[in-house]
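Open the model in your viewer and keep the sequence panel in sight. Each stop says what to select, then what is there.

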Amino acid sequence: MGKRFYITTPIYYPSAKPHMGHAYSSIIADFFARFKRIDGFNVSFLTGTDEHGLKIQRAAEKKNIEVLEFCNEISKTFRDLSKTLNLTNTDFIRTTEDRHKKSVQFLWNKLKENDEIYLSKYSGWYSVSDEAFYNNDEIEEIDGEKKVISSKSSVEWVDEESYFFRLSKWEKPLLDFYKKNPDFILPESRKNEVISFVKSGLKDLSVSRKSFSWGIKVPDDDQHVIYVWLDALTNYLSALNYPNLKDDLFKNFWPASIHLIGKDILRFHAVYWPAFLLAANIELPKKVYGHGWILSGEEKMSKSKGNILDPIKIIDEYGLDPLRYYLIKEVSFGNDGNISQERLEDCINSDLANNFGNLCQRVTAFVDKNCEGKIPENILFEKDDLKILNRYSDNLEVIRNNIDKQNINFYVDFIINSLFEANKYFNDQEPWKKKENQLRLNSIIFTTLEIIRKICYLLYPIIPDSSLKALKIFNIRENQIDLSSIANHNFLNKGNDIKKIDILFKKIIKEND
Ligand code: MSP
């Protein structure tokens, strides 16, 4: 089946409508999925909604709606958002689906069989907002209310019978695994946080709740529902039809290439999830990447702070590709980033409209006038042409390696420099002064067209629609994009017609312009 790549987003809580933070996780995952696809990989890309637990049950109760009905409604807004964001996910999983419930119960039984689960009693703090158990030393009191120090969410005291997972026993195997697989947790700074958390000692983890019913029942004990994180994490397997190990999806795509998540849920993915998998004798995912937060007014978005940014509003105003471009370029991947309308408008005007859109427009207009609207046939590359073309063949492997390290900043910088150099090359070569020397004029134009093609390929994972619009110049369609051909300088069919295209990006007129 060739090269395979399995990427996942977190599955989102349908407790409220999606916001920019959710859109960010999904857009980044789509960027990687598209890149790998044009690089010849067979890609599985999973997203979905995480629908059980007290958080969802209470959100539904607040609205006075039956829980499943409530989930159906909000899960649909996440599914719709996937379409609006032009995601190429190959599946959308809901944890209320039967296929998922079966997987979770199977995994539970497996853990039970392996003596990894035992019945006891949990007495301690629980945050419904984080769906997490906390120790005393992770709690502080603010204005008489107990809150989690890290997330600032409120906690309540829980005292109930519960099944426990023997997490403590996996402390050493996990540390060994991190050591042997230095790229398992990225970025590096976050890895260190996880390692010190594990080194500080792991306690057994409560993995069932008895005081409410909205969840997947513990097999053979329907008084308990399975802890929502054990339930949710299993989605990465259930979408591949686990436990059907002979199923093609499972065989081809497990272990996952990368779980892309936000930094706030790293502990669940880098500690609990690998421990569950080790305990069930299932191979571990290759990588967990914890990205930063999208901040609104320098703070994490939350309903209680009232600073939620709505991706749909921004898309309505500026279009999808500008938003995708902005989030991928301006939020330094791995770190937090603030959304600014000013910077978004700058991206549109300078990078997209001027450097990219204008180049396409200018060059096609020139071909129309001076090359009979065709890709020149008779050409002879000179040193200057080869110098700029070789940038792509020389860097193809470097680009792949950087993407495999999730170095999005490198990738975007490469494109921005390419655009800058392409414009400079066209200006410096002055083809309009070469009308007496058709061979030279042809060669400059051919070179510039090749560069535009290569840049469109590179832009495709970031701004797919606009890249495809620009590729219409050459009549190249989506399924024909092949990354490796950026190393080929004679890809374009000489003598073929060049199509004129509409303006790709409209410049934003700023108030102080
Ligand atoms: N349901 C769990 C994930 C289970 S995965 C097995 C969850 N859901 S969530 O809806 O609260 O968050 C989903 C993702 O969105 C998380 O990765 C979280 O980090 C991300 N974001 C939520 N707010 C965010 C920002 N403001 N910025 C960037 N990402 C943020 O956690």
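Select helices α11 and α12. They lie oblique to each other, because an angle counts as oblique when it is not under 35 degrees (roughly parallel), over 145 (roughly antiparallel) or 65 to 115 (roughly perpendicular). Helix α11 covers residues 311-318 and helix α12 covers residues 320-330. Their axes come within 7 Å and cross at roughly 120 degrees. Axes here are lines fitted to C-alpha atoms, for helices over the stretch in contact, and angles run from 0 to 180 degrees between N-to-C directions. Now show side chains. P311, I314, I315 and Y318 of α11 make the contact with L320, P322 and L323 of α12. Contact means heavy atoms within 4.5 Å.

A word on what you are viewing. This is a predicted model, in which local features need pLDDT of at least 70, side-chain atom pairs count only at pLDDT 80 or more, and totals for chains, interfaces and linings use all residues. Residues are numbered from 1 along each chain as its sequence is written, and side-chain values use heavy atoms, with hydrogens and water left out. Helices (H or I, at least four residues) and strands (E, at least two) are DSSP runs, numbered from the N terminus.

**Next: T84**

Stay in this area and pick T84. This residue is found in helix α3, residues 67-84. Which residues does T84 touch, not counting those up to four places away in sequence? They are I312, I315 and L320. Draw a distance from T84 to I312. Their C-alpha atoms are separated by 8.1 Å, yet the two residues are 228 apart along the chain. T84 is partly exposed, with a relative accessible area of 32%. The cut-offs are these: buried is under 20% relative accessible area, exposed is over 50%, and partly exposed is in between (1.4 Å probe, protein chains only).

**Next: H19**

Select H19. Look in the loop between β1 (4-8) and α1 (20-38). Is H19 buried or exposed? H19 is buried, at a relative accessible area of 15%. Its side chain reaches the backbone nitrogen of G21 at 2.9 Å. That is a polar contact: a pair of N or O atoms within 3.5 Å, where, within protein, one must be able to donate a hydrogen and the other to accept it, and residues adjacent in sequence count only if both atoms are side-chain atoms. Leaving aside neighbours within four places in sequence, H19 is in contact with M301, I308, L309 and P311. You met P311 at the first stop, in the contact of α11 with α12.

**Next: β1 and β2**

Step back along the chain to β1. Four of its five residues are buried. Then add β2, residues 42-49. Seven of its eight residues are buried, so this strand is largely enclosed by the rest of the structure. β1 and β2 run parallel, joined by five bridges. Two strands pair if DSSP finds at least two bridges between them. Find two of the matches: R4 has N42 of β2 as its bridge partner, and T8 stands opposite L46.

**Next: two open sheets**

Select β17, β16 and β18. They form an open sheet in the order β17-β16-β18, with mixed pairing. The edge strands are β17 (299-300) and β18 (337-338), each pairing on one side only. β16, residues 294-296, pairs with β18 in the parallel sense over two bridges. I294 has G337 of β18 as its bridge partner.

Now select β11, β13 and β12. This open sheet has the order β11-β13-β12 and antiparallel pairing. Its edge strands are β11 (208-209) and β12 (217-218), each pairing on one side only. Two bridges join β12 to β13, residues 221-226. K217 has V225 of β13 as its bridge partner.

**Last stop: α14 and α16**

Select residues 383-404 for α14 and 438-459 for α16. Their axes come within 9 Å and cross at roughly 20 degrees. The two helices are therefore roughly parallel to each other. Among the residues in this contact are L389 and Y392 of α14, and E450 and I451 of α16.

Finish on E450, in helix α16. E450 is buried, with a relative accessible area of 0%. Not counting residues up to four places away in sequence, E450 touches L389, N488, H489, N490, F491 and L492.
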